[in-house]
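Reader: Hi! I'm new to reading protein structures, and I'd love some company while I look at this one. Could we go through a few spots together?

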Amino acid sequence: MGRSFDEELQYLERKTDYCWTIKKGFVPNMQVEGAFYVNSHLEKLMLEELRNSCRGGIGGFLPGVKQIANVAALPGIVKNSIGLPDVHSGYGFAIGNMAAFDMDDPESIVSPGGVGFDINCGVRLIRTNLDETDVTPVKEQLCQSLFDHIPVGVGSKGVIPMQAKDLNEALEMGVDWSLREGYAWAEDKEHCEEYGRLLQADPSKVSAKAKKRGLPQLGTLGAGNHYAEIQVVDEIFDKHAANKMGIDHKGQVCVMVHCGSRGLGHQVATDALVAMEKAMARDKIIVNDRQLACAHIKSAEGQDYLKGMFAAGNYAWVNRSSMTFLTRQAFGKVFNCPPDDLDMQLIYDVSHNIAKVEEHMVNGKQKTLLVHRKGSTRAFPPHHPLIPVDYQLTGQPVLIGGTMGTCSYVLTGTQHGMDTTFGTTCHGAGRALSRAKSRRNLDYQEVLDKLAEKGISIRVASPKLVMEEAPESYKDVTEVVNTCHEAGISKKAIKLRPIAVIKG
Amino acid sequence: MICRTLDRFETAALKFTASMENPVFIVVGGGIAGVSCAETINALEPSAKVVIISVSPLIKAVRNVQELTRTLASFDVDETSIKDYSDLHPNISIIHDIVKEIDSGEKFVVTGCGETLKYTKLCVCTGARQNVIFSDNKHVIGIRDTASAKELDRKLHNAERLVVVGNGGIAIELIFQIECCNVVWVIKDKAIGQVFFDPGASQFFLPILLNKKTDSSDMKRMTYKLEQSAATKAGHVTGGALGPDWHQNLQLAGQAGQTKEINIQYQAEVETLLSSDQVDHSEVDRKSNKSLWPVYAKLTNGKVLGCDFIVSATGVVPNTEVLTQLPCSFSEDGGVRIDENMRVTGLCGVYAAGDVCSTTAWQKKPHWHQMRLWTQARQMGMFAAQCMISHHKNIQTSNSSDCETPQDICFDLFAHATRFFGKRVILLGRYNAQGIEDSQGLEFLLRTTPGEEYIKVVMLNGRMQGAVLIGETDLEETFENLILNEIDLSMLGEDLLNPDVDITDYFD
């Protein structure tokens, strides 16, 4: 577009201390306005990012405000395209962008970019009745035990067999498969979004290549590259809500499991993007960004994606259930008692890369919406029928896993959030696109010359500095969570700090 | 010929009839492919009888498997005695003997001791042996396993200078680890490590290699390791085997004092070896004070170099002797041809995995190629086991011919994790643009910091084909996904590697 920063600013308006509006016209075809939640620091980062992009920015990466606005231009979108405080650059949709589409509008679309590649990447929190003082003396042993159980290999202890037939059942049944096979407790199902199973899932809509990527080599459910953290309660902000979750004192030990559908999700998303790009010309769908490839919800491509995406979602819940099972085994082994005796109950499980069909009030009327939550988390309020009975008075727990090694939070959903963001809040931390640092001219010319001898053209990226300080463009989880709290879209309940990390 | 008298229980146990209900799986070879195969059979079918026939008294054991990504794993390799391995794996029988003959029609093998053992399915995992140049010269040693590595260590102890011939993984690491000894490295390529690196990566490593301080210890060990196995019981033959840390238990130090000079001879081979009587001393390259060396190497580039001994790390030859009398076929590199379900083509019920086999009969894959590495030996051993069991069950249930087990995704994406020169190295896909004939639309993306990291990505028409990741980049899982996704990344250009962008998060 070539507008100056000042010109761009004309389209942005601060509505409240914590919320900005992006007006129509900021990008072409906006159907609704955009909105984003920030505090004063995060606001600076959002605007700096926009200013940098007016000066060229970083190549093919759009600033958050532009991505939010491009999503607001998608057909069938309702109310607002919303950026949560941790919003940052992502493929298609920004990460931390929520958008809901009216299922009754034939123009409404579904977009894989609005879910993410790691479908149903999510977090669950398991409590224990142990205290930090119980764990500290056996920490090494415990970590070793977890390590032995979770990253599985031939002959290691935590073998959960999964053959092709099992995979199909897991794709269809989600947590119900884990329950049937004895890897989950009955109460786990209750304490999971969708009860751990998206009913519209259809394994036949998951391609053979996706299944191949999802089937671990020996048929054991390896946990791969996400992580489990042993955490202790560091602070309790809402005693009543915490008690309902079985958390009653600082120093109480919990385990947070963070993983998704990995390669299988990636393939499901990729397959859909390819199919939808082809269909967009036929269906005359125009988008501002090619990465926002999408399809009408009711079209074959749209339905295929939803059913496949739900299956991938189920697979991720099986992954998290399996890690939970192995974690319970590991703890039981070290403390020499059954995991029941350690009260290792699942507090809750949330997804932060998913799209769901939900009922919401829009302008006083009840509507059925397809809500895309990418890098954002559902946060239903007290009395919502879809949350477990133990949380009816306090609201749905929302688990915010910080970056591995930093602190995590448990929040609860609020009515205000339900009213303004369709019951959505943040998911973690983020980073704004910063101005290109002036990087020392490091001497790698010889390396470049040698590589160039091959006669193939080379594009060079600027080098990473060895000792990178925490970038100033960092949106840290505490700040993000506080902003959501101040904005009233979720409430802080508990803060946790990690004492050990098991990277699978 | 090695032979061990089977005690009467073992003999009785083995003289069973291999039948449909009580299948017997025999694995020939106790290397990485062999143990991976045997252990996988045991894990999938605990009631099946599994036998490893090993000519070596040492069995390789894979430990501390760390799954880095879906296709990428790192692990340690130990060598354990047969007794210690048996103690750890009571359900796997081990026979210390050679296999003299295979009768694939009647399904039995004949061992060196003359025992006939019937099998239901057989997997040949006999590996490959080092190719030793001038092998009858007593001053040349080959290096491939613990025994030869220990011999090297012994000889090195009294040496001031040695010549290393070869440009593969062992040669690279050996040159780096040797202390107090001058080295002449003779390679027939233009750059070091060519099979692993492109010339840019070689150049990246050169200063690290040449400037290595005597007591540097760059090795970052995994935080949580399984204990060393029972293999460390006193009195048993053990030691670091050839995995990434193969040199850990060796001193690799010579007599040349604190200096260590590395002289690299590019695009050269050893033409001939001469004794001090035979050599023309006027031709000798005078780089040291010593005037008389035990052996002299005359190179194809004319140089004549004296040294204490020569190490030949010049590649491997598959051990296919046991199959040559059978109607199977062999590819150019000497490996026995297998189909996509690990079956030896031309035979029934016989499989092969690891260095002994060759995948030339497989459909060409866009992001995978065979390389004789321990990671592939393990993957092949495991997959062969899955196929053997699956095919056996199919015959049991349906009496139809073997049906196909779909290949694991690890054969769709080449992935290898190792360490060179103290740095973590990960190779993915077509990391050197191997086999990409059409160079239109081919492009490299590069990000490097001297001494710290080197990232090179191969792009073809905007799609990632492969990557070399040196240093702790944390990009392997993302890049594995991007290669397998095959999505168009051209809109990002080199910003894909921009350190100001969290690319992992972007594609989450």
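Author: Happy to! Let's begin with A:D118, which is found in the loop between β6 and β7 of chain A. Keep in mind that this is a predicted model.

Reader: Okay! Is A:D118 buried or exposed?

Author: A:D118 counts as buried, because its relative accessibility is 2%, and the cut-off for buried is under 20%.

Reader: Which residues does UniProt list along with A:D118 for "binding site"?

Author: The UniProt entry, which is unreviewed, lists A:D118, A:C121 and A:H226 for "binding site".

Reader: And where does A:C121 sit?

Author: A:C121 is in the loop between β6 (109-110) and β7 (122-131) of chain A. With a relative accessibility of 0%, A:C121 counts as buried.

Reader: Which residues make up the UniProt "binding site" feature that has A:H258 in it?

Author: That feature, again from an unreviewed entry, is placed by UniProt at A:C121, A:H258 and A:H352. They span 232 residues in sequence, yet no two of their C-alpha atoms are more than 10.5 Å apart, so they gather at one spot.

Reader: Neat! Where are the two histidines, A:H258 and A:H352?

Author: A:H258 is in strand β9 (residues 252-259) of chain A, while A:H352 is in the loop between β11 (346-351) and β12 (353-362) of chain A. A:H258 counts as buried at 11% relative accessibility, and A:H352 is buried too, with a relative accessible area of 4%.

Reader: What is A:H352 in contact with, leaving aside neighbours within four places in sequence?

Author: Its contacts include A:C121 and A:H258. Also among them are A:G122, A:V123, A:R373, A:K374 and A:H427.

Reader: Changing topic: how many disulfides does the structure hold?

Author: Zero, over all chains. Take A:C484: the nearest cysteine sulfur, that of A:C426, is 3.6 Å away, and A:C484 is in no disulfide. The cut-off for a disulfide is sulfur atoms within 2.5 Å. A:C484 is buried, with a relative accessible area of 0%.

Reader: What about B:C37, which cysteine sulfur is nearest there?

Author: That of B:C123, which is 4.0 Å away, and B:C37 is in no disulfide either. B:C37 is buried, with a relative accessible area of 0%.

Reader: Can we look at a helix now? How far apart are the end C-alpha atoms of helix α2 of chain A?

Author: They are 21 Å apart. Helix α2 covers residues 40-54, and at 1.5 Å a residue its 15 residues should span 21 Å, which agrees.

Reader: What's at the two ends of α2(A)? I'd like to know about the N-terminal cap and about what comes just after α2(A).

Author: The N-terminal end is capped by A:N39, which has a side-chain oxygen 3.1 Å from the backbone nitrogen of A:H41. Just after α2(A), A:G56 takes a positive phi of about 120 degrees.

Reader: And which residues of α2(A) are buried?

Author: Among them are A:L42, A:L45, A:M46, A:L47 and A:L50, and also A:E43, A:E49 and A:N52.

Reader: One last thing: which residues of strand β15 in chain A are buried?

Author: Strand β15 (residues 397-400) is covered on both faces. A:P397 and A:L399 are buried on one side, and A:V398 and A:I400 are buried on the other.

Reader: How does β15(A) run against β16(A)?

Author: The two run antiparallel, joined by four bridges, and β16 takes in residues 408-413 of chain A. To find a place where they face each other, look for A:L399, which stands opposite A:V410 in β16(A).

How values were computed
Residues are numbered from 1 along each chain as its sequence is written. Chains are lettered from A and ligands numbered from 1 in the order in which they are written. This is a predicted model: local features need pLDDT of at least 70, side-chain atom pairs count only at pLDDT 80 or more; totals for chains, interfaces and linings use all residues. Side-chain values use heavy atoms; hydrogens and water are left out. The expected span of a helix is 1.5 Å times one less than its number of residues. Buried means under 20% relative accessible area, exposed over 50%, partly exposed in between (1.4 Å probe, protein chains only). A polar contact is a pair of N or O atoms within 3.5 Å; within protein, one must be able to donate a hydrogen and the other to accept it, and residues adjacent in sequence count only if both atoms are side-chain atoms. Two strands pair if DSSP finds at least two bridges between them. UniProt positions are given in the numbering used here, feature names are shortened, and annotations may be inferred rather than shown by experiment. Contact means heavy atoms within 4.5 Å.
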